[in-house]
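Reader: I would like a close look at a single part of this model. Please take the contact surfaces and the salt bridges, with cut-offs stated.

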Amino acid sequence: MLLRLTVLGLFYAPLLAVAGPDHVTTLAASCAACHGTNGNSVGGTPVLAGLDASHFRKQMQDFKSGVRPSTVMQRHAKGLTDAEIDGLALFFSQQPRRPASLPTHPR
Amino acid sequence: MKLNRRDFMRFSASAAALTLLPLSGCARALRTQASPRVVVIGGGYAGATAAKYLRMWSAGRIEVVVIEPKPSFISCPLSNLVLGGSKTLADLTFGYDGLQQHGIQLVQDTVTAIDPLARKLQLTRGELPYDKLVIAPGVDFIYDSLPVLDNAEAQQQVPHAWKAGPQTVLLQQQLAAMPDGGVFVMSVPKAPYRCPPGPYERVCQVASYFSQHKPKAKIIVLDANPEITSKKALFAKVWAELYAGMIDYRPNSQLTEVDVAAREVKTEFETVSADVLNIIPPQRAGKVAQLVGAANVDKRWCEVDFLSYASKVVPDTYIIGDSVSAALPKSAHMATSQARVCASAILATLAGQEPDPQPVFANTCYSFVNARMAMHVAHVYRYDLDKKIMLPAEGGGVSVQPSEQEGQYAYAWAQNIWSDVLT
């Protein structure tokens, strides 16, 4: 078993250059259901990609405290730590804005 | 790009190319050296998301193959709106071309056997070796207690309509053909089942349709559970206010017998006749999970490590989505959240790192109460280091009331999750 792991490690060596996504990247991906891949919404919700980090942080903290009334966003903001909100603010501020599209219907 | 004859040929061609790969350990090692291969079984919300994020996060350095028998993706979320009349099944049907543009190989085929120790699986058209296997098979129906329903002919008479597709259209047609003054009977299985609020959203959608087209019709809900299992107060209020006098909800009503031809059901307490009968059967992990021996909890659901979604019993195999054994709602957003954590952990493992020691993710689930108004249940879930499971964080909950604003958010949710999962 040990030998097999070592051998696999060797074979996967090219992947070592590509680190797995970190905690915040994986958490941010969870926002995609409503805000699109990497924050590029197709519409109906704000585009988070390229959003100013301090603006993002302020909105999320206001959702969390209730200063900004909301339906669903308070559920998410209240469940996140301040460090996670800061991490998400930085992550989304660094995402390039790209046009998002809907999948096509088959004929 | 539309799925056409040529695309199907391309599926066949890619399947053929894959089967030509040598299978000996030595040859496999050579292939692995080029790039590890992850095979994803199932192209629903969970499987498609895992495939996309594996490719995106690895910048294409991982070979990803998705095996899915169906030619296109049909969304279960929003499919109750087909019964309400505000959506068609075509609105909810999408091609897989967007995934192919990520370099994901789609193989339209069915898995017939899996050898997890040799890390290869059998398709109807040949063998396929893999380094890591992701299983996202959704749910399978259990007909042990109602064997008369375990055939296609009976399901034409008594649809389940719990996997979006022809069954959804069939139920819609039966409702349309039902006379005004008729009775629609729906049976809800004991939890856990796919989409906890789904049956109650369905009641709203059928009631919405009846209000407009068959105002004398009635709905009887035979729920095997002791109470409405999700958004209870909200659904009860909607039924009393929007659909007063139409809905008869009967808890603790597990079916004991079904007469398919007569459309009649029995519970421990009573016999109920229907004009349209919709039985949502009890559920378990999808067939492929059973095939590989991953459904180790009550022979129904799959026990996983919540840091990676690795099976607790089958090596190099990960399970995501509705098949997972967890106190988590079996929703589409949940399936995609699990898929991303799984993809992240697989990439970390392949890179020789430890997965994120404390994953956090979100789940948002909307239910439509008519064509325009919806309400949510939403939570952040956080890995608990002591219990080693995902637990809801503080601040989660449900809408104060259904609204048109949340209806718009619900459509935005659908469009964005489709975009995220399929493009």
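Author: What follows goes from the domains to the chain interface and then to single residues.

The model is predicted, so local features need pLDDT of at least 70 and side-chain atom pairs count only at pLDDT 80 or more, while totals for chains, interfaces and linings use all residues. Residues are numbered from 1 along each chain as its sequence is written, chains are lettered from A and ligands numbered from 1 in the order in which they are written, and side-chain values use heavy atoms, with hydrogens and water left out.

Start with the domains of chain B. Domain 1 covers 5-69 + 108-140 + 284-355, and domain 2 covers 147-278. These bounds come from an automatic or database domain assignment. The C-alpha centres of the two domains of chain B lie 34 Å apart.

Now the surface between these domains. Eight residues of domain 1 of chain B are in contact with six residues of domain 2 of chain B (contact means heavy atoms within 4.5 Å). The two domains of chain B bury about 560 Å² between them. Carbon and sulfur atoms give 54% of that area. Buried area is the accessible area (1.4 Å probe) that two parts lose on being put together, summed over both.

The rule finds one salt bridge across this domain interface of chain B. A salt bridge needs a side-chain nitrogen of Lys or Arg within 4 Å of a carboxyl oxygen of Asp or Glu. Three residue pairs are in polar contact across the interface of domain 1 and domain 2 of chain B, both residues at pLDDT 80 or more. A polar contact is a pair of N or O atoms within 3.5 Å; within protein, one must be able to donate a hydrogen and the other to accept it, and residues adjacent in sequence count only if both atoms are side-chain atoms. By class, the side of domain 1 of chain B that touches domain 2 of chain B has three nonpolar, one polar and four charged residues. Here Ala, Val, Leu, Ile, Met, Phe, Trp, Tyr, Cys and Pro count as nonpolar, Asp, Glu, Lys and Arg as charged, and the others, Gly among them, as polar.

Look at Arg194(B) and Asp322(B). They form a salt bridge, with the closest N and O atoms 2.6 Å apart. The pair links distant parts of the chain, 128 residues apart. Arg194(B) sits in the loop between strand S11 (183-188) and helix H8 (198-213) of chain B. Asp322(B) sits in the loop between S21 and H11 of chain B. Helices (H or I, at least four residues) and strands (E, at least two) are DSSP runs, numbered from the N terminus. Arg194(B) is buried at a relative accessible area of 16%. Asp322(B) is buried at 8%. Buried means under 20% relative accessible area, exposed over 50%, partly exposed in between (1.4 Å probe, protein chains only).

Next, chain B against chain A. Here 68 residues of chain B are in contact with 48 residues of chain A. The chains bury about 4600 Å² between them, 59% of it on carbon and sulfur atoms. The count between chain B and chain A is one salt bridge. Glu84(A) and Arg382(B) meet in a salt bridge at 2.7 Å, N to O. Polar contacts between these chains number 26 residue pairs, both residues at pLDDT 80 or more. Several elements of chain B each supply at least two residues to the side that touches chain A, including helix H2 (25-34), helix H3 (45-57), strand S22 (360-368) and strand S23 (374-383). H12(B) gives the most, with 12 residues. By class, this side of chain B has 30 nonpolar, 24 polar and 14 charged residues.

One residue of chain A deserves a look. His35(A) is found in helix H3 (residues 32-35) of chain A. His35(A) counts as buried, at 11% relative accessibility. Not counting residues up to four places away in sequence, His35(A) touches residues including Met73(A) and Asn416(B).

Last, the other salt bridges. The structure holds 22 over all chains. Asp316(B) pairs with Lys132(B), the closest N and O atoms being 3.1 Å apart. This pair spans 184 residues, with Lys132(B) in strand S9 (residues 132-135) of chain B. Asp316(B) is buried at 17%, and Lys132(B) is buried at 10%. Lys266(B) and Glu257(B) meet in a salt bridge at 3.9 Å, N to O. Lys266(B) is partly exposed at 32%, and Glu257(B) is partly exposed at 45%. Salt bridges that share partners join Arg119(B), Asp131(B), Lys132(B) and Asp316(B) into one network.
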